[in-house]
Amino acid sequence: MQGKINFVTPEEAVSHIRSHGHIHLSSVASAPQILIQALCRRADAGEIEDLHFHHFHTEGPAPYSEPRYEGIFFEQGFFVGPNVRPNVNSGYADYLPVHLGESQKLYRAGVIPLEAALVQVSLPDENGYVSLGTSVDCSLAAIESARITIAVVNRNVPFAYGDLVHISQIDYFVEDDTPLETKAFAEPTDTERLIGKNCAALIDDGACIQMGIGALPNALAAELIHHRNLGVHTEMFADGILRLIKMGVVNGANKKIDTGKTVASFLLGSQEVYSYIDRNEAVLMKDIKYTNDPWVIAQNPKTMAINSATEVDFTGQICADSIGTRIFSGTGGQLDFVKGATMSEGGKSITAFASRTNKGKNKIVASLNAGAGVVTPRADAHWIVTEYGAVDLYGRSLQERAKLMISIAHPDDREMLDRQAFERFGPHYHNFDI
């Protein structure tokens, strides 16, 4: 490989990045830490300033968001992970709201003029193509749009089929074999298992599913083990989906597009997940423009979009990116898949969450907390699921929605919520049944 690619040191590679520019980082499990560290050394030496960083959430260290680099680096991620959340909420870093499906458009349309794309890639194949592995996301758009592209060639990056990059599209190559970040399988609680069971009851055999990572998706996956011929078209998947694939529950047989294929844009999970996609023709890792396009999503029948929320109000306004004014995550691809699923023949949009937080605060509320962001508008809210049941808000009026939402709230909160609904809607509120 040394004879095919001219490798340079990380310091040499990042020396070509100019001040006052925008930098894209490959994301999630595949942040190019060796290049980030080299940029930090340039900053420490006073050689660079005013760089703006963009990416989906990243695992691992995120020094570009830290107060010590104020005025030198400024984090403006498209999704906020735990590694940058404190700095975002203290103002040293920032959040750029965008539907993940449109993140690539910020680059391609020149809304964010990229100075450099910093990515990790696999070893090249015999034709000179490399894979972006576990993190295609908007990195393909970044490579197409940036003034320069620096790629870390890492033998731990799986060669995933789908959208590939030719080495001629890359300006500088660095070699590093640091393992990708992994995420342990999250065991669901009893509450999450009940939610998973209620969600699974809404999913038919032959459905095409989208869901994320964590204990709740794992709980749902565990409840789907007796389903048949499920497909996957999602922005990301993890170990819960992999278990269903290996059991034969997920085979993609009923998908109308990408039949027989599991389609995603980025991954976060165990090493087993990453190894599974390596040169596996049954998996396509695609540009976020494709995976999150509602018109693409809708082409598969019975698409089931399963997403979560931090709180939902009586009318169906779904907050999923913040807790009041405090940014917690991001818009993500929730509305991309909500729209796609509801346009799909026989599809369903499902929002699933525990009725209370870990601290006992109710998540079904009369009105959202001040400053809370509405990720999914009330007109797009359909199935709402908690551990106490599932209700469909589609075609329901505001007062009907309130009654339905209260019916799946924590029992100890229902009297309070019912009183708040009466105060909001007036004396006629109690005069009809749903």
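Me: If a salt bridge is a side-chain nitrogen of Lys or Arg within 4 Å of a carboxyl oxygen of Asp or Glu, how many salt bridges does the count come to?

Reply: This is a predicted model, in which local features need pLDDT of at least 70 and side-chain atom pairs count only at pLDDT 80 or more, while totals for chains, interfaces and linings use all residues. Side-chain values use heavy atoms, with hydrogens and water left out, and residues are numbered from 1 along each chain as its sequence is written. By this rule, the number of salt bridges is 15.

Me: Which residue forms a salt bridge with glutamate 115, and which network do bridges with shared partners build around that pair?

Reply: Glutamate 115 is partnered by arginine 18, with the closest N and O atoms 3.0 Å apart. Glutamate 115 lies in strand E5 (residues 114-121) and arginine 18 in the loop between helix H1 (10-14) and strand E1 (22-25), 97 residues apart; helices (H or I, at least four residues) and strands (E, at least two) are DSSP runs numbered from the N terminus. Salt bridges that share partners join into one network the residues Arg18, Glu115 and Arg147.

Me: Is glutamate 115 buried or exposed, and what is the relative accessible area of arginine 18?

Reply: Buried means under 20% relative accessible area, exposed over 50%, and partly exposed in between (1.4 Å probe, protein chains only). At 5%, glutamate 115 therefore counts as buried. Arginine 18, by contrast, is partly exposed, with a relative accessible area of 47%.

Me: How many residues apart in sequence are the parts that phenylalanine 56 and phenylalanine 266 tie together?

Reply: These two rings form an aromatic pair that is edge-to-face, at 5.6 Å centre to centre and 75° between the planes; rings of Phe, Tyr and Trp (its six-membered ring) pair if their centres lie within 6.5 Å, and planes under 30 degrees apart count as stacked, over 60 as edge-to-face and the rest as tilted. Both phenylalanine 56 and phenylalanine 266 are buried. Phenylalanine 56 sits in the loop between strand E2 (51-54) and strand E3 (73-77) and phenylalanine 266 in strand E14 (residues 266-267), so the separation of the parts they tie together, in residues, is 210.

Me: Which residue has its ring face covered by arginine 85?

Reply: A charge sits over a ring if NZ of Lys or CZ of Arg is within 6 Å of the ring centre and within 35 degrees of the ring normal. Lysine 286 places its charged end over the ring of tyrosine 290, 5.0 Å from the centre. For arginine 85, which lies 4.0 Å from the ring centre, the residue is phenylalanine 328.
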